[in-house]
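I sat down with this one today to see what its pockets, its core and its backbone would tell me. Here are my notes, in the order I looked things up.

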Amino acid sequence: MQDAITAVINNYDVQGKYLDGAALDKLKAYFSTGATRVRAAAVISSNATTIIKEAAAKALIYSDLTRPGGNMYTTRRYAACIRDMDYFLRYATYAMLAGDPSILDERVLNGLKETYNSLGVPIAATVGGIQAMKEVVGGLVGPDAAKEAGVYFDYLASGLS
């Protein structure tokens with residue numbers, strides 16, 4: 001897992017080049033949003049259980065998924081869905097702090113869609129849960145941080161779609 005700084009420097013190091021204007025602009029953008037990302041991560045960390053609970057209620061609980069025969073029916077399946085939402089929230093937070101959504105490819109998305117399809121996990125409902133977490137987080141962190149955090153939830157949703 002690399003942060004934006006390491007990614008920029010490694011890219012230029014591999015090429016044997018000094019940092020140019022484009023690289024410095026990427027680093028400036030990363031630093032300019034740093035305080036916002038850290039504040040958002042603190043709010044997410046201290047409210048993770050509430051975020052997941054509210055997002056699940058908003059997107060998943062009152063649907064056919066929780067009724068007999070649904071993918072979240074039985075305590076075991078419900079717990080697996082909540083566990084996965086926790087993973088998504090945690091890794092979206094890591095990626096936000098690092099300033100690099102591609103971390104989500106490496107840590108979450110690679111192979112997940114295929115795994116979910118093979119297990120019969122409804123992708124649309126999963127994406128709905130991720131979008132619900134984005135909304136709940138947005139309501140807790142304020143507009144600037146919501147925009148920043150939203151990038152990573154959207155990346156997850158797009159990667160599963």
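**Entry 1: the second largest pocket**

I began with the lining of the second largest pocket, whose residues divide into seven nonpolar, two polar and four charged. I keep in mind that this is a predicted model. The space in this pocket comes to about 190 Å³. I then looked for what sits closest to its centre, and of the 13 lining residues those are Ala4, Lys26, Tyr30, Gly99 and Asp100. Which helix gives the most to this lining? I found α2 there, with four residues. At least two residues each come from α1 (4-15), α2 (21-32) and α9 (143-160).

**Entry 2: the largest pocket**

Next I turned to the largest pocket, which has a volume of about 490 Å³. It is lined by 23 residues, and Arg77, Ala80, Cys81, Asp84 and Val121 are the closest to its centre. I noted the helices as well: α5, α7 (112-119) and α8 (123-141) each supply at least two lining residues. The most come from α5, which gives eight. Sorted by class, I get 14 nonpolar, five polar and four charged residues in this lining.

**Entry 3: the nonpolar core**

How many residues does the largest nonpolar core have? I read off 41, and the ones with the most contacts inside it are Phe88, Leu89 and Met133. The elements giving two or more residues to this core are α3 (34-46), α4, α5, α6 (103-109), α7, α8 and α9. The largest share is that of α8, with nine residues.

I picked Phe88 for a closer look and set aside its neighbours within four places in sequence. What remains in contact with Phe88 is Val108, Leu112, Tyr116, Thr126, Ile130, Met133, Leu156 and Leu160. Met133 is thus a contact of Phe88, and both are listed among the residues with the most contacts inside the core.

**Entry 4: an odd backbone angle**

Last, I checked the backbone, and Thr74 caught my eye with a positive phi of about 90°, although it is not a glycine. Most residues other than glycine have a negative phi, so I made a note of this one. Where is Thr74 found? I traced it to the loop between α4 (48-61) and α5 (75-98). Is Thr74 buried or exposed? Neither label applies, because its relative accessible area is 41%, and partly exposed covers what lies between under 20% for buried and over 50% for exposed.

Conventions: Residues are numbered from 1 along each chain as its sequence is written. This is a predicted model: local features need pLDDT of at least 70, side-chain atom pairs count only at pLDDT 80 or more; totals for chains, interfaces and linings use all residues. Side-chain values use heavy atoms; hydrogens and water are left out. Buried means under 20% relative accessible area, exposed over 50%, partly exposed in between (1.4 Å probe, protein chains only). On a 1 Å grid over the protein atoms alone, a cavity is a set of points where a 1.4 Å probe fits but cannot get out, and a pocket is an open set with protein on both sides within 12 Å along at least five of seven lines; lining residues have an atom within 4 Å of a point. Grid points are joined across faces, edges and corners, and a volume is the space filled by probe spheres set on the points. Ala, Val, Leu, Ile, Met, Phe, Trp, Tyr, Cys and Pro count as nonpolar, Asp, Glu, Lys and Arg as charged, and the others, Gly among them, as polar. A nonpolar core is a set of buried Ala, Val, Leu, Ile, Met, Phe, Trp, Tyr and Cys residues joined through side-chain atoms within 4.5 Å. Contact means heavy atoms within 4.5 Å.
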